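Here are a few exercises to work through with the model open beside you. Try each task before reading its solution.

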Amino acid sequence: MTHEPRDDALAALLAPWLPGRRWFPVKGADARVTAVGGLSLRDPADDGGDVEVRLLLLRAEGGGSGAVLQVPVVLRAAAAAGDGSGDRDGRGDDPAVVGRLPDGTTVLDAAGLPEFERAWLAAADRPADVDAAPAAALGTPRVISGEQSNTSVILPGAGPDGTTAMLKVFRGLSDGDNPDVDVPRALAASGWPHVPRPLAWMGAEWQDGDRTAHGHLGVLSAFVPGATDGFELACAMARRGESFGPLAEELGVVVGQMHRALAQVLPSTGPGVDAAAAGSAVADALTERYGWARGVVPQLDAFATQVEALAERTRLLAEVPPRQRVHGDLHLGQVLRGDSTWYVLDFEGEPLAPVAQRTRPDLALRDAAGMLRSFDYAAAVGGGPQAWTEVARAAFLAGYANEAPELDAGTRAHLLRVLELDKALYESVYEARNRPDWLPIPLHAVERLLG
């Protein structure tokens, strides 16, 4: 990517617009926005050359946090923009318009614009057996509302044979290949059918201080038509009093198969450790998490003795499974139900964490623990009784146990308890800070797990 003088003017124009975006990471503080650089793409349907698509990279800092962000914009020269249609700052009635540069160029948020989609698809890398969709075949893009850390756009006609595809525009960038590109690509190449196949992707290099960083800017994946978000589905079934057991058991099978596939296509190269060291590492992580959480949520103080006892028993485990690549942030909102089966999505992990942290090997059971915690939330939102949750938990674990890597049943149950507690402690802090009305959900789980 190159840094042009115009990028500084774009950064100044975008700075007051960015805090209104849900994916903007600097909250509750004045942000300083500077230009890192950008990449210009050509819209193949633009014969006059009056429209430019620029993938702008900005650094946002404030409140002790900072990130490199991708902000695609469409630049329309004054002659192409009309003008007279816009008011003095160029906004007019078009919600995509951000404003106007001093030279009269109109700047638009590119995410939902056909110019951006055509230019992105023309420039992206793709598998050898996937042809680029002709620009004339593309339908009207539709930005999915509600997403926070990235922006996803449904693109009719962008998939093979005119099918619909989904473009995810990564907003927060960090050095390293994005796992939401590499992991689905590896799983799909292995023949595992429960991940939407990546159809195209785009990478870039940019200057990060005195070094050059590399990362992915976005990925186009196959779209599962008519699919339902797993969390919304579970909430609705809890609300209607319908058992989630059969679907949970199928989901457990899929998650177990995913772990087997990940161990084969992305094997860990980390050094091996003996059981004692592995058990101590899990125990230390639990103790550290508890210390962090009780510092934020005073209600957790009462569980110090039980947490320490659980940690000590964890240090004595005779067997701890090897760490491997995992999903890293698995819950019901990361799976889709479509075509009478489950699909697993969003392997990105925490977008603002360094890629090295997001891709390091972990216990596969952490994904299973995350899903168990998700059943509690679905029952709480849907108003399901405790029995609804217990049926879903038991069914999921039965399906998972049949497909997951071999492990002593007692050791599996113990590690699941520790990892679910770890997740509930994290949730307690999150809810206390963001949704205090939801804090009882993880606190009840902590009480149950330590009871």
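A salt bridge is a side-chain nitrogen of Lys or Arg within 4 Å of a carboxyl oxygen of Asp or Glu. Keep in mind that this is a predicted model.

**Exercise 1. Find out which parts of the chain the salt bridge of Glu 4 and Arg 54 links.**

Solution. Start with the distance: the side chains of Glu 4 and Arg 54 come to 3.7 Å, N to O. With the cut-off at 4 Å, the pair counts as a salt bridge. Next, place the two residues: Glu 4 lies in the segment before helix H1 (5-14), and Arg 54 is in strand E2 (residues 51-62). They are 50 residues apart, so the pair links distant parts of the chain. Across the whole structure, a search finds 31 salt bridges.

**Exercise 2. Work out which strands stand at the edges of the five-stranded sheet, and which helix packs on that sheet.**

Solution. Begin with the order, E6-E7-E8-E11-E10, an open sheet with antiparallel pairing. Strand E6 (142-143) and strand E10 (198-208) each have a single partner strand, so these are the edges, and one side of each lacks a neighbour in the sheet. Now add the helix: H4 (residues 179-189) touches E8, E10 and strand E11 (211-222). The direction of H4 makes about 150° with that of E10. For a closer look at one pairing, take E7 (residues 150-155) and E8 (residues 165-170), which are antiparallel over six bridges. There, Leu 155 has Ala 165 of E8 as its bridge partner.

**Exercise 3. Do the same for the three-stranded sheet: name its edge strands and the helix packed on it.**

Solution. The order is E12-E13-E14, again open and antiparallel. Strand E12 (228-229) and strand E14 (341-344) have one partner strand each, so both are edges with one side left without a neighbour in the sheet. Helix H6 (residues 245-265) packs on this sheet, touching E13 and E14, and its direction makes about 45° with that of E14. Between E12 and strand E13 (residues 335-338) there are two bridges; in one pair, Thr 228 is partnered by Arg 337 of E13.

**Exercise 4. Are H10 and H12 parallel, perpendicular or oblique to each other?**

Solution. First take the geometry: the axes of H10 (residues 365-382) and H12 (residues 409-434) come within 8 Å and cross at roughly 55°. H10 and H12 are therefore oblique. The crossing is right-handed. Then look at who makes the contact: H10 contributes residues including Leu 365, Leu 372 and Tyr 377, while those of H12 include Leu 415, Leu 419 and Glu 431. Finally, sort the contact by class: nine nonpolar, no polar and eight charged residues.

Conventions. Residues numbered from 1 in each chain as written. Predicted model: local features only at pLDDT ≥ 70, side-chain atom pairs only at ≥ 80, totals over all residues. Heavy atoms only, no water. Axes fitted to C-alpha atoms, helices over the stretch in contact; angles between N-to-C directions. Helix = DSSP H or I, 4+ residues; strand = E, 2+ residues; numbered from the N terminus. Parallel < 35°, antiparallel > 145°, perpendicular 65-115°, else oblique. Left-handed = near helix turned anticlockwise from the far one by under 90°. Contact = heavy atoms within 4.5 Å. Nonpolar A, V, L, I, M, F, W, Y, C, P; charged D, E, K, R; others polar. Pairing = 2+ DSSP bridges.
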